[in-house]
2 protein chains.
Amino acid sequence: MLPHANLLKASEDLRRLVAIPSVSARGEKLVECAEAVRDLLAEAGFDTEIQQGDVGPFVIGEIGSGPLTVMIYNHYDVQPEDPVSLWHSPPFEMSERDGRWYGRGVADDKGEFISRLAGWRLFREHHPGPLPFRLIWLVDGEEEIGSPSLEAFLKRRLDGEAVDVCWWEYGEVDASGRPIILCGFKGVMAVELRARTAQADMHSSLGAVFDNPLWRLAAATASLRDGTGRILIDGFYDAVRQPAPSDNELASAPPYSLDSLMDATGAQRLLDGIDAANFYRAVNFEPCMNVNGFSGGYAGEGAKTVLPAEGAVKIDLRLVPDQDPQRIVALLRAHLDKHGFGDIELIVHDANVKPVRSAADHWFVQDAKAVLEECFGQPAIVQPSSPASGTAHPFVEQLGAEIVGLGLTHHGAMLHSPNENIIIDQFVRMIECSAAIFARLSERAYRMRQSSPAQPTHGETP
Amino acid sequence: MLPHANLLKASEDLRRLVAIPSVSARGEKLVECAEAVRDLLAEAGFDTEIQQGDVGPFVIGEIGSGPLTVMIYNHYDVQPEDPVSLWHSPPFEMSERDGRWYGRGVADDKGEFISRLAGWRLFREHHPGPLPFRLIWLVDGEEEIGSPSLEAFLKRRLDGEAVDVCWWEYGEVDASGRPIILCGFKGVMAVELRARTAQADMHSSLGAVFDNPLWRLAAATASLRDGTGRILIDGFYDAVRQPAPSDNELASAPPYSLDSLMDATGAQRLLDGIDAANFYRAVNFEPCMNVNGFSGGYAGEGAKTVLPAEGAVKIDLRLVPDQDPQRIVALLRAHLDKHGFGDIELIVHDANVKPVRSAADHWFVQDAKAVLEECFGQPAIVQPSSPASGTAHPFVEQLGAEIVGLGLTHHGAMLHSPNENIIIDQFVRMIECSAAIFARLSERAYRMRQSSPAQPTHGETP
């Protein structure tokens with residue numbers, strides 16, 4: 001049973017952070033929020049520092065040493081609060097209703113951060129003294145704008161260091177209250193195709209002679225995938241890493257049904273060939289292409305027979321290990337050229353988020369699973385990969401970390417939307433889980449020291 | 001030399017009509033303008049009547065009888081004046097600058113109407129007395145909104161009657177001052193394809209499982225034609241009438257170059273296979289498909305990785321004789337179903353304008369050519385078909401008329417746009433041309449009476 005004082009302190013910490021409108025898209029209150037986070041970490045016993053990023057500073061807290069190095073990654077910046085009129089309570093004021101807390105960042109990611117920090121305090125009450133492993137807590141201020149300086153920062157600050165596990169900034173609890181452990185994230189790239197076939201719009205009768213930019217964009221877009229969702233770009237699948245046997249096993253037993261996914265999302269049309277038996281494999285392992293937006297010409301009521309001069313299509317591609325977005329950009333350009341669309345301009349909005357996938361049978365995943373099942377009283381789900389993306393690859397590439405996501409984000413959390421919320425009961429459980437995870441990490445570190453006492457450990461000179 | 005009094009009267013008549021903002025899209029001042037037109041026709045000696053249409057009334061003037069029935073078709077309604085801020089003088093106030101008159105409707109179609117009416121008065125000064133042919137002057141009040149009641153009106157008012165020639169509401173003068181005679185117009189149909197694949201927008205990561213409405217629309221749109229502009233709908237070309245040898249001959253000698261067309265329009269990209277030698281055939285004889293607008297999803301700056309719930313594409317098809325837009329709608333629906341796009345909704349905005357093409361070697365065309373060459377002092381161009389469209393088929397289907405367009409619309413006339421204008425010198429020439437055409441029609445009617453005196457003529461009981 002969580003002590004009341006711990007929960008009270010956690011709720012006050014979260015209320016204080018939510019009240020700081022640290023909107024990175026507007027570069028707002030980032031230093032103020034970073035300092036609040038730094039103070040919280042210092043108060044919890046960490047050595048702290050603040051390091052400048054391109055937009056918002058990074059906060060680092062560090063404590064302990066031993067044979068194991070664990071990193072926690074969170075972020076203190078939030079999405080803009082628009083549209084404000086749809087909020088039922090002020091976005092930057094934490095409100096309690098029906099067993100939930102509402103407010104911008106209450107889930108993403110201030111609530112995740114504070115639940116772990118409260119867990120840390122709970123753990124330290126019972127385990128004071130030197131921490132037998134090294135814990136680096138990194139709190140980003142630029143996550144919501146794509147972490148533009150994270151990679152360079154890691155290179156600068158932690159060059160040559162090794163991290164065993166990176167506890168990712170969030171994790172999920174499903175609609176029936178089962179905690180989900182995410183062992184990977186897809187990469188993502190966002191591009192735009194633009195076509196211009198004239199200096200100005202023309203009378204559509206000239207379409208007998210001149211080409212149409214929207215038809216060209218439609219044909220180019222259609223050429224990129226087929227009805228099953230298969231990407232038709234030459235070489236697109238070359239770098240795809242086959243899922244490990246343990247991942248395949250996990251993916252063969254979907255923790256939820258396709259029907260429930262369709263009900264929850266309102267989706268009405270599956271890709272050709274997707275069914276109840278294989279959809280979860282696609283969620284975890286299949287790259288995909290999405291048209292995010294198509295624009296050009298007349299979009300008003302009724303008809304206007306115009307031959308537009310230009311148009312644009314926005315597309316994202318989700319990638320799986322070991323596809324490289326920069327490489328895919330080159331393949332996409334080659335595809336357009338090969339198919340007669342050399343005139344179509346390719347604008348790259350983002351090709352920086354690479355896919356990552358950790359081993360689902362890693363000891364940290366197994367420890368976390370046991371802890372979550374105990375605290376939530378439900379079977380935990382180990383998911384080989386989220387279908388979504390995060391800037392996790394620098395932790396893998398530079399620090400060799402396994403990425404594992406567990407946390408309190410539930411399916412109605414309204415991330416990035418009005419009325420973002422968390423379920424207080426799940427917040428409490430994640431405090432308990434976090435404390436238990438820190439305890440397990442300590443035990444593991446002790447055992448490692450005992451089993452190889454002569455071996456040097458990170459941060460110590462033998 | 002045109003008498004000064006005639007031109008003065010014509011300019012005052014036109015000034016008076018331009019001052020009436022007879023915008024059919026807004027149902028504005030239509031009765032007032034119809035009455036002004038009726039008064040002008042009555043003043044010029046016509047028996048007149050006003051007949052109700054769905055939106056604006058039709059004005060009919062009639063005079064004469066004989067072996068020949070000629071119809072003139074004009075319209076007194078105009079396009080909206082928006083955006084007003086781009087006009088250099090008030091849209092509903094005829095202004096003179098640099099040898100041009102400016103104002104909404106000064107070309108389309110009040111200027112065409114008034115130039116012919118002034119020509120009629122000039123002709124009647126020298127040819128008073130009974131007109132030896134029947135002349136029916138129809139002035140539409142709904143042309144700019146697609147003449148919704150024209151077909152029914154013709155059926156009601158002129159059922160069973162026959163018309164030899166219908167002098168179409170406009171004609172063109174090219175950039176070098178050469179008059180163009182239009183012998184046909186393409187049909188046009190405007191449709192919209194809509195796709196919905198979910199109840200609401202989703203996170204784009206779900207694109208691994210669910211289909212994307214914008215990709216579906218892109219694929220459907222791409223399937224409708226190829227890079228050469230060839231329409232890929234089964235049966236689309238079945239009803240296409242091969243051009244007559246005389247039409248082919250005309251089309252083989254373009255009156256302007258492809259380069260000049262590209263310069264004038266700002267077009268930068270030809271359909272595959274179109275070149276200087278064949279573009280003019282396409283202008284005259286090829287049906288074509290245009291994407292007028294494509295909308296759906298995110299169209300703002302940068303990237304937003306959303307999986308949109310819905311999208312729409314607006315498409316028009318220009319048709320050539322004897323394609324039937326209603327039939328093409330059915331073929332298009334079948335095409336979508338056959339290609340796996342049965343879920344895509346097909347909305348028909350307009351499938352009422354059928355293609356027409358008259359014989360380019362018709363006597364009226366030859367007479368008009370001779371008259372235009374004399375008045376303009378330049379070779380006249382006989383064009384088998386305009387690439388554009390007009391609701392001309394009821395005149396062909398119900399009255400058996402040959403459709404021929406000649407008039408004063410020049411290439412910088414800014415039809416439907418701010419600063420609509422005509423060149424006063426060309427207005428004067430069209431008055432003279434019109435007078436000469438009425439004279440030629442009279443002569444022909446006299447000759448017809450003389451060559452077959454016993455034969456009954458239209459409107460007379462033998």
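## Close-up views of a predicted two-chain model

**Figure 1. A small open sheet in chain B.** Let us start with three strands of chain B, which line up in the order β4-β5-β21 to make an open sheet with antiparallel pairing. Why do β4 and β21 of chain B each have one side without a neighbour in the sheet? Both stand at the edges, β4 at residues 95–97 and β21 at residues 421–423, and each has a single partner strand, so one side of each is left free of a neighbour. From one strand to the next, the twist averages 25°. As with everything shown here, this view comes from a predicted model.

**Figure 2. Where β5 meets β21 in chain B, and the helix that packs there.** Here we move in on strand β5 (residues 100–102) of chain B, which pairs with β21(B) over three bridges in the antiparallel sense. If you would like one pair to find, look for Tyr102(B), whose bridge partner in β21(B) is Asn421(B). Helix α12 (residues 424–451) of chain B packs on the sheet and touches β5 and β21 of chain B. The direction of this helix makes about 70° with that of β21(B).

**Figure 3. A hairpin in chain B.** Strand β1 (residues 47–51) and strand β2 (residues 58–63) of chain B run antiparallel and are joined by five bridges. Which residue of β2(B) is the bridge partner of Ile50(B)? That partner is Val59(B). Together β1(B) and β2(B) form a hairpin, with six residues between the two strands.

**Figure 4. Chain A meets chain B.** In this view, 66 residues of chain A are in contact with 67 residues of chain B. Strand β12 (residues 288–297) of chain A supplies the largest share of chain A's side, namely ten residues. By character, the residues on that side of chain A divide into 32 nonpolar, 23 polar and eleven charged. The two chains also share strand pairing: β12(A) and strand β12 (residues 288–297) of chain B run antiparallel, with five bridges between them. A handy landmark is Gly296(A), which stands opposite Phe294(B) in β12(B).

**Figure 5. Helices α1 and α3 of chain A.** Helix α1 (residues 4–18) packs with helix α3 (residues 110–126) in chain A at an angle of about 150°, and their axes are 9 Å apart. The pair is therefore roughly antiparallel, and the crossing of α1(A) and α3(A) is right-handed. On the α1(A) side, the residues that meet α3(A) include Ala10(A), Leu14(A) and Leu17(A). Among their counterparts in α3(A) are Ile114(A), Ala118(A) and Leu122(A). The residues of this contact divide into eight nonpolar, three polar and four charged.

**Figure 6. Helices α10 and α12 of chain A.** Another helix pair in chain A brings together α10 (residues 363–376) and α12 (residues 424–451), packed at an angle of about 145° with axes 9 Å apart. The crossing of α10(A) and α12(A) is right-handed. From α10(A), the contact includes Val371(A), Leu372(A) and Phe376(A), while α12(A) contributes residues including Cys433(A), Ala436(A) and Ile437(A). What is the make-up of the contact of α10(A) with α12(A)? Its residues are eight nonpolar and four charged, with no polar ones.

Terms used. Residues numbered from 1 in each chain as written. Chains lettered and ligands numbered in written order. Predicted model: local features only at pLDDT ≥ 70, side-chain atom pairs only at ≥ 80, totals over all residues. Contact = placed C-beta atoms within 7 Å. Helix = DSSP H or I, 4+ residues; strand = E, 2+ residues; numbered from the N terminus. Nonpolar A, V, L, I, M, F, W, Y, C, P; charged D, E, K, R; others polar. Pairing = 2+ DSSP bridges. Axes fitted to C-alpha atoms, helices over the stretch in contact; angles between N-to-C directions. Parallel < 35°, antiparallel > 145°, perpendicular 65-115°, else oblique. Left-handed = near helix turned anticlockwise from the far one by under 90°.
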